[in-house]
Amino acid sequence: MKIALGSDHGGYNLKNEIASFLKDNGYEIKDFGTYSTESCDYPEYAQKVAEAVAAKEFDFGILVCGTGIGISIAANKVPGIRAALCSDTFSAHATRQHNNANILALGERVVGPGLAIDIVKTFLASEFEGERHQKRIDKISLIEEKYNK
């Protein structure tokens, strides 16, 4: 499984913890940056990861900023992206099952490394249920089409 990673300065340390976990567990990863704790703008990294996931170059993306909020908002501007901010394993499981989320967003200032790894594991292990949920995803796609002309 191929995973695209990205963060701003506020998520840099947690992104690195997640990258180590993923590498140690046989995932293929690409880190789209940032590469330091020097102040930077999260939309740049959200866009890079989201475009790569939308282009199907990667199976999933994981984005981290201070809260996970800004980076998830930015990622969701890319058509075809369903970035979900999760701070617990139940939400990580449910967003894959029901929303077919393709990017997980986390907040370094919200969750610690242990919980973040549990959330990542849950997100990557959960599968989209399809059926009744697919019609809702299709409706999201219609909204994107309407406003992305």
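User: How many salt bridges does the structure hold?
Analyst: This is a predicted model, in which local features need pLDDT of at least 70, side-chain atom pairs count only at pLDDT 80 or more, and totals for chains, interfaces and linings use all residues. Residues are numbered from 1 along each chain as its sequence is written, and side-chain values use heavy atoms, with hydrogens and water left out. With a salt bridge taken as a side-chain nitrogen of Lys or Arg within 4 Å of a carboxyl oxygen of Asp or Glu, the number of salt bridges in the structure is two.

User: Which residue meets K15 in a salt bridge?
Analyst: K15 lies in helix α1 (residues 12-24) and its partner in strand β2, so the pair ties together parts that are 16 residues apart in sequence. Helices (H or I, at least four residues) and strands (E, at least two) are DSSP runs, numbered from the N terminus. The side chains come to 2.9 Å, N to O, and the partner of K15 is D31.

User: In what order do the five strands form the open sheet?
Analyst: Two strands count as paired if DSSP finds at least two bridges between them, and the pairing in this sheet is parallel. The edge strands, each pairing on one side only, are β2 (28-31) and β4 (83-85). The full order is β2-β1-β3-β5-β4.

User: How many bridges join strand β1 to strand β3?
Analyst: Strand β1 covers residues 2-7 and strand β3 covers residues 60-65, and the two run parallel. Within this pairing, S7 stands opposite V64 in β3. The number of bridges that join β1 to β3 is five.

User: Which peptide bond is cis?
Analyst: One residue of this bond, T34, has its place in the loop between β2 and α2 (42-54). The omega angle is near 0°, and the cis bond runs from G33 to T34.

User: Where is K56, the residue with a positive phi, found?
Analyst: K56 has a phi of about 65° although it is not a glycine. Its place is the loop between α2 and β3.
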